[in-house]
Amino acid sequence: MESKSTPSSSPKTKINQVIDALFAYLQRRWQLLTLVILYIFFRPTFESKLVALLLSFEPSWGSFIVWCGIIVTALAYTYLLCRRRYVISGGVRSWTVVLLVGWAYYRFIGVADYVATPTPIPGVCYIDLFPILGSCVAVVIYRSHCKRTKHKQEGMDNSIRGYEVECPCTSEDEDLLGRRKEAEDLAEKIFKTDTSNAAFTLGLTAPWGAGKTSFMLAMQQYLREHHHKETILLDFNPWMYRKAPNLTQVFFEELSRTLAPYNSALASGFTRYVDHILDRDDSAWLQLGVRLLPQGFKAKSTSEQYDFLKKEIGKLGRKIVIFIDDVDRLDSEELIELFSLIRNSSLSFPHMSYILAYDKEYVSSQLQSKFNEHTYRYMEKILQEEYPLAKITPEQLEEALRLELKRIGSDDLCTPIESSGIQLVYHLPTLRAIKRICNTLSSYRKELEGNVALFDWFIIELIRIQYPRVFDLLRVNYTRILRSEGDQYIINVLEKGEEQSPLATVSLPDHPLYGGIINPSRYLYEHQDSLQINNVGLVIELMGIVWGETRKVAPLQANHVDYIGRYFYRALSNVEIDDVAFHRHMDCPYQELKPYVQQKYTTHQWEDLCVRVYEKAESLEDIVKVLRLTFYMHSISEGTVMVRTINEMIDRLRDSLEERDLRDTLKNILECADIRVGVLRYFGYAGEYGHSSTLPFNQNEIEEIKERLFLLYVEESAPLNPVECYYLWLQTRIAIKIAPKGETLLKYSHAICHPKMDKVMKEIIEKNIELLIPCFIEQDSLSKDEYYLQLPYPIWYIDKKKKGSEIGYFSDFIFGLDGDSSPIIKEFQALIREWLKMESNKIPFEFKHITPANIQWRRRYRFLYL
């Protein structure tokens with residue numbers, strides 16, 4: 001509530017508050033005050049005893065050591081208390097001040113026959129222990145104050161916002177509901193109500209979280225500021241005393257403490273009155289009153305007791321206003337006891353007003369079991385008037401939500417909420433609900449920041465908070481409640497007679513993945529009670545906002561099939577990339593981006609990175625960077641095929657550059673040393689999977705590029721991996737289609753021979769034959785005991801008839817090796833002999849030393865194709 005809506009406290013009110021605070025302090029420190037007064041009155045007697053005690057002090061070395069030990073201990077304890085940020089109580093501070101004043105008087109003014117005993121330290125006396133201890137107390141007080149102040153300042157600068165604590169509004173708070181004037185008017189009306197003959201009772205009714213406590217506090221503040229001398233206020237919360245033996249006893253204790261400073265005769269008056277009527281009525285509240293208050297003499301009659309009590313209350317010249325909050329948190333027995341107490345008190349005691357705050361629906365439901373259809377008539381006998389708080393309007397709720405969203409830094413959410421047409425009055429009917437949803441928005445996991453659509457998060461969290469069982473139903477069964485169309489999830493609407501999906505089986509009717517389709521509307525209506533839903537239409541409205549058929553799908557939204565899981569599980573899966581980190585790294589230069597790519601290659605997020613790597617490639621600079629990065633990803637991951645992504649980037653370059661500039665740009669990219677392997681693999685993948693290359697080069701130029709890059713790769717690789725080199729050589733031998741004509745040369749044709757590359761590869765094979773022999777053997781995919789030969793054509797061939805000047809005879813090469821030097825070579829020679837005897841292209845063989853590399857399997861099954 002805004003303070004400017006209420007005039008500031010007058011100087012007279014502030015003086016009254018200071019006087020009240022002073023008397024409260026004296027009441028707490030009466031023992032110390034009494035001791036000081038006695039000392040002043042009987043100072044000579046005190047001093048004679050004190051001087052005699054001090055003169056008997058023994059200034060020995062033992063005393064000095066103990067004196068020093070006390071100081072060291074005090075300093076160590078002071079350090080410990082400072083670390084704890086210990087708060088010194090007001091009593092200790094008061095005693096410290098008194099002792100320091102006494103030390104100063106006797107140290108510097110002195111009394112007759114007394115001189116302070118000196119220590120071995122020049123100028124220091126034993127009595128100086130007191131200022132040292134006082135200094136320790138002062139240091140602890142100062143450090144505690146500094147630490148608290150620093151902690152508040154650091155908390156204000158912290159980037160992480162704290163939760164919004166739910167507490168009643170004060171005069172310094174903004175009046176979001178505009179009720180301050182209404183509360184003041186009601187307080188004034190109650191003050192002017194004539195209670196000289198009997199007490200007045202009023203019920204302040206509103207649902208939970210609707211601001212009843214804040215309204216009562218505004219009433220109390222008004223009465224304190226404008227009728228301080230005419231009223232006595234008691235704030236009683238029965239919910240705080242639920243574990244007390246008896247609620248009535250607690251009430252009388254609070255009432256006695258409140259009235260005691262104004263009239264001491266009231267307590268004895270209550271006692272005599274209760275004691276007298278106990279002889280005629282043995283009700284529980286009267287018996288507890290007797291046990292609570294001391295026994296006194298009995299009045300002669302009930303009327304005399306009542307007249308005495310009325311007279312004493314009248315002497316106060318004040319009206320007693322009792323505020324009772326949180327009535328709607330009591331159970332039925334406690335409610336009956338409280339209402340009985342109020343009823344009996346209101347009939348007996350004048351000049352009193354009771355203001356009760358409660359949710360009428362809850363209270364009546366609790367009393368229903370006791371009074372059935374007479375519940376409301378019973379409440380009418382207790383409460384003379386009911387004052388229902390005005391219902392919070394949709395405009396007030398929208399303004400409150402706007403302010404809360406602004407406080408948590410999510411004010412940009414206001415526009416999509418307004419455009420969605422959601423009726424907040426039904427989903428967020430109270431300020432408490434608004435604060436709760438905003439606390440949820442401000443406290444989602446850090447890794448989700450920037451990785452979810454904030455509006456979708458708001459709606460789904462609203463479902464989780466207001467309809468928790470519906471949220472659990474969605475989390476487990478969203479594949480049955482929603483249907484997928486491409487990348488989009490849409491809420492299911494079944495036609496008449498349609499009950500389940502084709503995947504549903506009789507044995508798994510409730511399976512979250514394979515069970516029948518769930519019609520949300522029908523299911524929620526059928527299970528409305530178990531799901532604890534008051535209005536099914538409101539739930540369907542929220543679901544339709546997120547998963548409606550007319551809503552467009554977009555990345556990060558909850559209706560996108562790739563992102564829905566993070567909304568229900570409130571975390572990124574181990575295969576999902578953090579969007580914020582991804583975009584931050586993609587804005588970095590190419591060289592700074594490479595470590596990020598390498599790190600993702602070692603995780604399950606590699607596939608997600610490959611899918612999304614080209615998302616931000618809009619400018620020419622970004623397209624060049626992404627194209628180079630894609631080739632680099634080909635280099636570090638043999639099993640990643642990104643031909644389409646590369647071709648798309650080349651097409652984007654073609655849209656931005658002239659043909660000549662395009663050729664120059666691509667030549668510069670292809671010559672980069674860190675992507676040579678990736679470029680060679682791209683040529684192989686494009687040919688193997690039947691894709692045309694969109695490179696602006698003809699076939700001869702491409703073959704020249706492939707040969708040059710392979711030779712540079714062999715030359716610069718130290719150490720060279722023969723197996724990987726052989727596999728890369730095989731890939732470069734695959735012809736590719738050249739767009740736009742789409743012509744393709746046959747694989748391994750003489751027309752695409754690379755003499756220099758083949759010569760280098762032949763030398764590598766001859767030097768590393770033992771390592772490469774497994775690469776020449778392929779296991780049959782159907783018959784695991786039969787094998788093919790995959791020979792390095794066109795370097796060698798197994799058919800002697802095809803032997804020529806350029807192609808060697810593989811058998812001559814193999815049988816020319818020393819089989820005794822290696823069991824692998826010897827076993828391979830045996831395989832070749834068997835193969836030459838067979839007419840089939842595959843033969844059965846049992847290997848003991850060779851493990852076939854199965855290169856064709858490797859090429860067929862190890863790829864992530866994008």
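# Helix α21, its rings and its surroundings

Helix α21 gives the largest share of the lining of the largest cavity, namely four residues. That makes it a good place to begin a walk through this predicted model. The cavity itself has a volume of about 40 Å³, and a search of the whole structure turns up one cavity of 30 Å³ or more. Its lining consists of V470, L473, L474, I481, I518, P520, Y523, L524 and M543. Two elements, α21 and α22 (520-526), contribute two or more residues each to that lining.

Let us step back for a moment to the protein as a whole. It has 866 residues, of which 45% are buried, and its secondary structure comprises 38 helices and 16 strands. Of the contacts with a separation of 6 or more, 72% are between residues 24 or more positions apart. On the outside, the protein exposes about 46,100 Å², with carbon and sulfur atoms supplying 55% of that area.

Now for the aromatic rings, which bring us back to α21. The count of aromatic pairs comes to 28. Take F471 and F568 as one of them: the ring centres lie 5.7 Å apart and the planes meet at 55°, so this pair is tilted. Because F471 belongs to helix α21 (residues 468-481) and F568 to helix α24 (residues 564-569), the pair ties together parts that are 97 residues apart in sequence. Are these two rings buried or exposed? F471 has 6% relative accessibility and so counts as buried. F568 is buried too, with a relative accessible area of 2%.

F568 has a further ring partner in Y478. Here the centres are 5.4 Å apart and the planes are at 20°; since stacked pairs have planes under 30 degrees apart, this pair is stacked. Y478 sits in helix α21 and F568 in helix α24, so to speak of this pair is again to speak of distant parts of the chain, 90 residues apart. Y478 has a relative accessibility of 16%; the limit for buried is under 20%, so Y478 counts as buried.

Elsewhere in the chain, ring pairs join up into a cluster made of Y726, W729, F776, W796, F810, F813 and F828. Rings also meet charged side chains in this model. R329 lies over the face of W239, at 4.5 Å from the ring centre. In another such arrangement, the charged end of R612 sits over the ring of F582, 4.7 Å from its centre.

The last stop is open space rather than enclosed space. Rolling a probe the size of a water molecule over the atoms shows where empty space is left. Which residues lie nearest the centre of the largest pocket? They are P207, W208, P429, T430 and Q466, out of 27 residues that line the pocket. The volume of this pocket is about 1,200 Å³. Several helices take part in its lining: α14 (360-371), α18 (424-427), α19 (431-442) and α20 (454-466) each supply at least two residues.

Technical notes
Residues are numbered from 1 along each chain as its sequence is written. This is a predicted model: local features need pLDDT of at least 70, side-chain atom pairs count only at pLDDT 80 or more; totals for chains, interfaces and linings use all residues. Side-chain values use heavy atoms; hydrogens and water are left out. Buried means under 20% relative accessible area, exposed over 50%, partly exposed in between (1.4 Å probe, protein chains only). Contact means heavy atoms within 4.5 Å. Accessible areas come from the Shrake-Rupley method with a 1.4 Å probe; for residues, only the protein chains shown count as cover. Rings of Phe, Tyr and Trp (its six-membered ring) pair if their centres lie within 6.5 Å; planes under 30 degrees apart count as stacked, over 60 as edge-to-face and the rest as tilted. A charge sits over a ring if NZ of Lys or CZ of Arg is within 6 Å of the ring centre and within 35 degrees of the ring normal. On a 1 Å grid over the protein atoms alone, a cavity is a set of points where a 1.4 Å probe fits but cannot get out, and a pocket is an open set with protein on both sides within 12 Å along at least five of seven lines; lining residues have an atom within 4 Å of a point. Grid points are joined across faces, edges and corners, and a volume is the space filled by probe spheres set on the points.
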